[in-house]
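Hello,

Here is the structure I promised to pass on to you. Have a look at it first, and then read my notes below.

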Amino acid sequence: MRILITGAAGFIGSSLAKRAVAEGHSVIGVDNLITGNRENLAAIDAAIDFRVADIRNREQMQELCRGVEIIFHEAALPSVPKSVLDPLTSHEHNVEGTVSVLLAAKEQKVRRVVYAASSSAYGESPTLPKHEAMIPAPISPYAVQKLTGEYYMQSFQRVYGMETVCLRYFNVFGPFQAADSPYSGVLAKFITSLLQGEAPTIFGDGQQSRDFTYIDNVVDANFLAATAPADVVSGKVYNLACGERHSLLDTFRILAEMTGFAGAPVFGAARNGDILHSLADISLIAREMGYQPQVNFEEGLRRTVAWYAEALKMQTPLSI
Ligand code: UD1
């Protein structure tokens, strides 16, 4: 297949690109390198057609979509707190960027777009686990933007007959995730602090929990979403997670043991608008796509710790 990956130099985009190349697909990657890092693609440099471009550039997107069968749309400004500080900029990337990708896909007759949606769409509704039939209740601008992207996917499916699939990612972690920005995912921050002998900061009391999902499971699900029969999956939204939740306190304990850190965490103020618990019902994606998480939480943590340990030794830049 000819596959276009937006956000190809980011954590999730580059992981998808590596799998796509390994499976022998023809891969085009696009990234504006605002949060992406070209180094993430070093291992497949010669095998991927990589372009530095912004997804909002309609002309460039049209050109990149020519002959493409599947788009994995991962490009976004992926941060809740960043969207709170500057909602307009994240709107431009996350909503206008998504519409631009869809328009180019439509004009070039791309068969299917698989979209990186977000569990943040569920907001603070207390019901657990979260299932797709629940009414969304986004809180942050980021959550609104990602949910708007889902609605655009469904609209393009309904009005233009394009195949679209939305995957609501729940707290993805793993190798190549950015670690050194204040907006980095919590596990990337915890692991790199612990490996450097520094106490990580827990925002709040650490009782909050997440359905942490190892990157390989996310890659598996994207390929299932790309190939599943259209009459089953097109126009739909699926949770993509492990179906287990772990508190930050428990996660800290497991990671301290894995990294040999003997100290205690530092506790800071709870983050404004933070959601307390997040857990996915993954029965729909299991039933309709045959998805099962292949790498569980602890194994994912082990692999991630090993990767950051190596990256820190090699002084690999961790800023993406
Ligand atoms: C949210 C979304 C997720 C989205 C992501 C993008 C939910 C449930 N999840 O993740 O779908 O992809 O934003 O950024 O809405 N924390 C600390 N110390 C730190 C950093 C974070 O204690 O140094 C805490 C946070 O307060 C939070 C938890 O760890 O309680 C997870 O935070 P983070 O990794 O930023 O992700 P979410 O905000 O859950």
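Let me begin with Ser118: an N or O atom in its side chain is 2.9 Å from an oxygen atom of the ligand. Please keep in mind that this is a predicted model. Two other side chains are worth finding on your screen. In Asn171, a side-chain N or O atom sits 3.1 Å from a ligand oxygen, and in Gln208 a polar side-chain atom is 3.0 Å from an oxygen atom of the ligand.

How much of the ligand does the protein bury? Taken alone, the ligand exposes 750 Å², and 90% of that is buried by the protein. Helix α6 (186-195) and strand β8 (201-203) are the elements that give two or more residues to the surrounding shell.

There are 23 residues around the ligand, and those that come nearest are Thr201, Phe203, Arg210, Arg271 and Asp274. By type, the shell divides into 10 nonpolar, nine polar and four charged residues.

Where does the ligand lie with respect to the domains? Domain 1 (2-172 + 214-240) and domain 2 (173-210 + 245-278 + 296-314) both contribute residues to the shell, so the ligand lies between them.

There is also a record to compare with. An unreviewed UniProt entry places the feature "domain: NAD-dependent epimerase/dehydratase" at residues 3-241. In the model, this span is 39% helix and 20% strand, and its end C-alpha atoms lie 24 Å apart.

Next, the backbone. Most residues other than glycine have a negative phi, and most peptide bonds are trans. Asn171, which you met beside the ligand oxygen, is not a glycine, yet its phi is positive, at about 25°. You will find Asn171 in the loop between β6 (163-169) and β7. A cis peptide bond joins Leu128 and Pro129, with omega at about -10°. Pro129 is placed in the loop between β5 (112-118) and α5 (141-160).

Finally, the aromatic rings. A search of the whole structure finds 10 aromatic pairs. One of them is formed by Phe173 and Phe297, which meet edge-to-face, 6.1 Å centre to centre with 75° between the planes. Phe173 lies in strand β7 (residues 172-173) and Phe297 in helix α11 (residues 297-313), so this pair ties together parts that are 124 residues apart in sequence.

Enjoy exploring, and write back with any questions.

Best wishes

Key: Residues are numbered from 1 along each chain as its sequence is written. This is a predicted model: local features need pLDDT of at least 70, side-chain atom pairs count only at pLDDT 80 or more; totals for chains, interfaces and linings use all residues. Side-chain values use heavy atoms; hydrogens and water are left out. A residue is near a molecule or strand if one of its heavy atoms lies within 4 Å of it. A polar contact is a pair of N or O atoms within 3.5 Å; within protein, one must be able to donate a hydrogen and the other to accept it, and residues adjacent in sequence count only if both atoms are side-chain atoms. Accessible areas come from the Shrake-Rupley method with a 1.4 Å probe; for residues, only the protein chains shown count as cover. Helices (H or I, at least four residues) and strands (E, at least two) are DSSP runs, numbered from the N terminus. Ala, Val, Leu, Ile, Met, Phe, Trp, Tyr, Cys and Pro count as nonpolar, Asp, Glu, Lys and Arg as charged, and the others, Gly among them, as polar. Domain bounds come from an automatic or database domain assignment. UniProt positions are given in the numbering used here, feature names are shortened, and annotations may be inferred rather than shown by experiment. Rings of Phe, Tyr and Trp (its six-membered ring) pair if their centres lie within 6.5 Å; planes under 30 degrees apart count as stacked, over 60 as edge-to-face and the rest as tilted.
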